[in-house]
Amino acid sequence: MSQGHKLRIELYPCARDLDVSAKRITEDFIRENPGLSESSFRIDTAKAYSLAGQASGENLESILTEILVNPVLDQTTETRGWKIDAVFIERGFRPGMTDNAARALEEALAIRLGKNPVGQADFHASRLDLYRIEAETPELLAKLSSFVAHPLLHTTRAFTRDTWIDRSAPIASSDTVSILPASQASASSLAPIFPIRELSARALELASKEHLWALSLPEMLAIQSHFSTLVRDPRIAELEVLAQTWSEHCKHKIFRATIRYREIEGEGPIASPRPEIPTETKGLFKTTIKAVTDACPKPWLLSVFSDNAGIVAFTADDAVCIKVETHNSPSAIDPFAGAITGIGGVHRDIIGTGFGAKPIFNLDVFCVAPAKYDTDRPDGIFPPSRILEGVRAGVEAGGNPAGIPTIAGALVYDVSYLGKPLVFCGSGGILPRKILKHPLVDCAAKVIETGDLIVMVGGRIGRDGIHGATFSSLAMDASDKSMSNATVVQLGDPFTQKRALDFLMVARDRGLYRTLTDNGAGGLSSSVGELATLSNGARLDLTNAPLKATDLRPEEILVSESQERMSVAVPPASLTEFLALSKAMGVESTALGEFTAHGRFEVLYRNETIADLDLQFLHEGCPELKLEAEWTPTKPAAFPTGATVKGVRENLLALLGSENIASKENLLRQYDHEVQGTSLIKPQTQIGDHRSPNQSAAVLVGEGANRVAAVIGVGILPEYSRYDAYTMAQASLDEAVRNVLASGAEYGTEDSVLALLDNFCWPDPVSNPKYAADLVRAGYGLRDAALTLGLPFVSGKDSMKNDFRGTKNGEAVKISVLPTVLVTALGRIVDLERARTSEFKQAGDTVFLIGPHRFSLLGSQFERIGLTHPEARGLPPSDWAAAKRLYTWLGSERSDRLRSCADVSEGGTLTAIVESLFAYRLGFEFEPAWSAEANLTDYFGEGLHSFVVSIGQEHEVDLVREWFASGIAFTRLGKVTASRTLVLPKDTVPVELLEAAWRKR
Amino acid sequence: MKKTAWVLTGDGINCEVETAEACRRAGFEATIFHLSELIEKPRALDACSLLVIPGGFSFGDELGSGRVLALKLRYQLGWDLPKFAANGGLVLGICNGFQALVALGAFGEGVALAANEDGRFRNEWIRLEIDPAAKLASPFLAGMDVIELPIRHGEGRLLFSDAAKAVTGAALRYSTNPNGSTGGIAGLSDSTGRIFGLMPHPEGFQRVSQHPGYFRSVPTAGPSPLEDGAGLLLFKNAFRSARPATDSTKENHR
């Protein structure tokens, strides 16, 4: 085989039932096209691998067959007859995209031929997916054909029966692949100048848009003025670096802005007690989130807000770090790719925290529109079902192969997420507080010394991942070219990341590097630009940067991000050992310059300076934003006051089957939540064929005989934003805290560890004073709650342009997400015997509602699914002082007598009770005195601060006395029974019926 | 003489830590070896009593789960597993490690693991029945009849060519088939019984509190959460029948 020739092997499933890809595509297509039957079309899939390269004397074809063909599963020729009007689609990755199967094949060949698999490949492989599609009508055929293609990631070719015969003929010169990198960029164009000094304001705005820099006019003017002072024009690469560093994604300009706030009188529900909001806020982050942490100087806070993730001391030896990111924009344009890079990106954040951490858990929260909008949506966006399945699959593909358990999460359905879904990906890691090699260095310390080398570790740089930071800082416009811009979407490669992680952990423990960070948004420009502040300068030379595509321009190399790439500061004396270990462990590492102390960020490419920026200007030169905020109470659009109130049973069945409450087991069980062997409380309790609802929170134990456990819970209640984002933020925080307390977290003593994270996902507050006001109210909502509870925030992230503009039936539409705060709580359980679950366990146990329960149907799931109720309503009030008393009791060993504990959340008290019956086939009987007076709000109302608990009868008297003495409100609700029925005042409902309603989805 | 367990890692294997822990709880002196380390400084397999290939996603499951790892074991390490077993060694492959053993031909030709019937990854607890013949033949399964373990895989559907069906030894079966596996088979044992592999994760039930039903007994007089779980039996069985390591001079690794 000589260069330019290609080998191609096609693999067809031996039997129809082995073609699971076809099965899944068929399922997905039918889900999106209800009414279509499986008999009206048929898809068959196959795979092909092609190989180009240099080799002599080897029987490559038979070796390829050995590697690829599994005779029990695959055949290499197609044996099924063709239908005359079928089409064949061949799909391959766009050049420069990560093709994981092809990389594996290259490595398998190297292994088989006895060559070193790392570094320069002798072969170039590519993987192709083949689809044969038959359909009843040409329209359906066309629809199916476009269904299997992802134009952002793939190129496709279509064949008829007659043209299929020529399929292996080369179709384009780019397809016959060159192996060695060849310079495409000519020397004269390495560092083009952008003539910023001569441009008008209008021209500056246009240029920012044209280059996808997402810089505002004041920012462009600040850059113009900076370079005017320098008496030179910037190079393009310098503007790229500034655009990445100043992006909303990296800089959080809105959270630093000065916001003027005012309230207009109006009729509508307001948070209770009514909050005092200042008329001017100088930096919402500083004033609210960070102010809380400043007021809670806990000894266990090792690093807050400054690093990739917050770090808290967990035991004398170990620290835990945690981070939650969002990946909304990429998930909107390619759900799978967006989500896999989201989860991969947050793993990379954890790996790059402190002196390096090992990821130990994932959490994921998705906000999508209900499935009924699949067929009722604006043009140019995906059906919500496809988005949900895509992001679910993306997190699965990024989490399971990485060997990181996905243990917690939430799924929120609301129509406001139709234009742009919210995809929160979180991860936590563990790191030793000291390493033996450098006992004086604290895990959270980030130190670089002048002369340390910049080493890039992990995946090669590709065309994918350019402009992710700036893209995600823009609103989505279906007509915008950025929507079809391939470079903003990447595909993660968890395998390469896992190898890099394995290597970095060994290198860390051997003390081979000083510190590290990830090549997230903005790529090397951001990672090295940030690390440079530690030594006060860096000289980065891109000449030897390993590339996936050979025709990348230097400024593209500089800003391309990746999930698999880290930037590491290596002392010169350790470089040889660092690189040797890297090679041995199958990881590519390359030295790319050094850290300096000159106060500059210099970038070179082939002996030419392509950027030379003042670090001070780079990090501090971005002008401050000013925002106007105006808030008016909003009257509920359709106050559901209908007179027909159904019985408790009908309402309960409707709620249990509603999408926000119904079982998510099909989704959950596709995540590995047990790998690493640490799960103590799993997402669902499964006993035989019976599953309990999602547990309040997930609990992880440490290795070996360690008795300390970590507990992770989330809270997200965007529904309340329709009325008051202050209540929304407080309820979300409260839910996260209650979730971890229900599961046994410690709280209330000086050294009890409980930390919070905030994630804001907002519609554009810059152009809309209402959203700016919601932002201010949410910020103060979090502050007021967290200050009273004494709980610090350790990390946070915001995503600010979650608006969609497009058309539907020829009319312009704009969809903005509900202002959404996700609060994540990380708690500690001092002894794992104190972990507890939410389900009832024993017939005869007494069930209490504890907490200052003042519930409301406003903003509840009851209201959301359109059930009508005539009862009075306002937003559920908060009472943080009473909550603190209860939480302190729950967070102490005094609560060990509880046999189960569940927070009252979506669906209210009755839903919490009913969900607690499923796991152990139990029943429940209400206290007649309670149910005689109960109204719909008592059964289904939602609010803050309360729990449903069960206790053994032997503890009842003591506990009641104790609650009374501690000022904790409580109500005796009834008894757990063995009868498998729910006994209501005038009705007895079989639990089977309730479980069937809850599990039907 | 000590009984040693080698637990492989690297290239996407990801259950090495808890698997080594299970080996230690069962009595082994367990060492985690990165594949690259074994390739750089080759060691004779006979220096260990038990070789474990743990679960994970070696090579990202590309080109078929376990297949590239099998190539690496065959061509870069050059290990002869049947010979090792014939000399008294034990081999355990869990999940991805089982997939690699199958791809290596440890259970004969014509055996394959395909994607689960529904094309989806699945994590759930499942009841398994031990094959009565395998219970007698394989030292791993001595005295076991049923066991509950977690499964966590996307490619666990065991399929056989017609020729293989007749000779391959089913070791344990799912009581309800989660993936379309022929005969509900969850694990296989070679003709000596000393090479054994399974899709479920015994190391995932080494502590009693890993079982999802554990919390029913809390806070009454239940077992301490760190007590041994039923999955550990497999490792204890292996420990009981393992021969001591022939080489006690090995260095201390990680």
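1. Start with helices H5 and H6 of chain A in this predicted model. H5(A) covers residues 201–210 and H6(A) covers residues 217–230; their axes come within 9 Å and cross at roughly 105°. That angle falls in the 65 to 115 degree window, so H5(A) counts as roughly perpendicular to H6(A). On the H5(A) side you'll find A:Ala201, A:Leu204, A:Glu205 and A:Ser208, and they meet A:Leu217, A:Met220, A:Leu221 and A:Gln224 of H6(A). Sorted by class, this contact has five nonpolar residues, two polar and one charged.

2. Another helix pair in chain A is H12 (residues 335–351) with H13 (residues 384–399): the axes come within 7 Å, and the crossing is roughly 35°. The crossing is right-handed. H12(A) brings in residues including A:Pro335, A:Phe336, A:Ile340 and A:Ile343, while H13(A) supplies, among them, A:Arg386, A:Ile387, A:Val391 and A:Val395. Glycines take part from both helices: A:Gly338 and A:Gly344 are among them on H12(A), and A:Gly390, A:Gly394, A:Gly398 and A:Gly399 are among them on H13(A). The class split is 11 nonpolar, six polar and one charged.

3. Staying with chain A, have a look at the open sheet of six strands, which runs S24-S27-S28-S33-S29-S30 with mixed pairing. S24 (679–681) and S30 (793–799) are the edge strands, each pairing on one side only. Ignoring direction, neighbouring strands are turned by 20° against each other on average. Within the sheet, S27(A) (residues 698–701) and S28(A) (residues 709–715) run antiparallel and are joined by four bridges; A:Leu700 has A:Ala710 of S28(A) opposite. Helix H22(A), residues 725–742, packs on this sheet, where it touches S28(A), S29(A) (754–761) and S33(A) (820–829). The direction of H22(A) makes about 25° with that of S33(A).

4. Chain B has an open sheet too, this one with nine strands in the order S2-S1-S3-S4-S11-S10-S9-S6-S7 and mixed pairing. Which strands stand at the edges? They are S2(B) (29–34) and S7(B) (146–153); each has a single partner strand, so one side of each is left without a neighbour in the sheet. From one strand to the next, the twist averages 25°. For a parallel pair, try S3(B) (residues 50–53) and S4(B) (residues 90–94), which are joined by four bridges. B:Leu50 has B:Leu90 as its bridge partner in S4(B).

5. B:Leu35 is worth a click. This leucine lies in helix H2(B), residues 35–40. Is B:Leu35 buried or exposed? The cut-off for buried is 20 or more other C-beta atoms within 10 Å, and B:Leu35 has 21, so it is buried. Leaving out residues up to four places away in sequence, B:Leu35 touches B:Leu8, B:Gly10, B:Asp11 and B:Lys72. As for B:Ile13, it is 22 residues from B:Leu35 in sequence, with the two C-alpha atoms 9.9 Å apart.

6. Last, the contact between the chains: 51 residues come from chain B and 57 from chain A. On the chain B side, the elements giving two or more residues are H1 (16–25), H2, H3 (67–77), S5 (111–114), S6 (122–130) and S7. H3(B) provides the largest share, five residues. The chain B side divides into 21 nonpolar, 17 polar and 13 charged residues. Two elements from the earlier points turn up again here: H2(B) and the edge strand S7(B) are both among the contributors.

Note on methods
Residues numbered from 1 in each chain as written. Chains lettered and ligands numbered in written order. Predicted model: local features only at pLDDT ≥ 70, side-chain atom pairs only at ≥ 80, totals over all residues. Buried ≥ 20, exposed ≤ 12 C-beta atoms within 10 Å, placed from the backbone. Contact = placed C-beta atoms within 7 Å. Axes fitted to C-alpha atoms, helices over the stretch in contact; angles between N-to-C directions. Left-handed = near helix turned anticlockwise from the far one by under 90°. Nonpolar A, V, L, I, M, F, W, Y, C, P; charged D, E, K, R; others polar. Pairing = 2+ DSSP bridges. Parallel < 35°, antiparallel > 145°, perpendicular 65-115°, else oblique.
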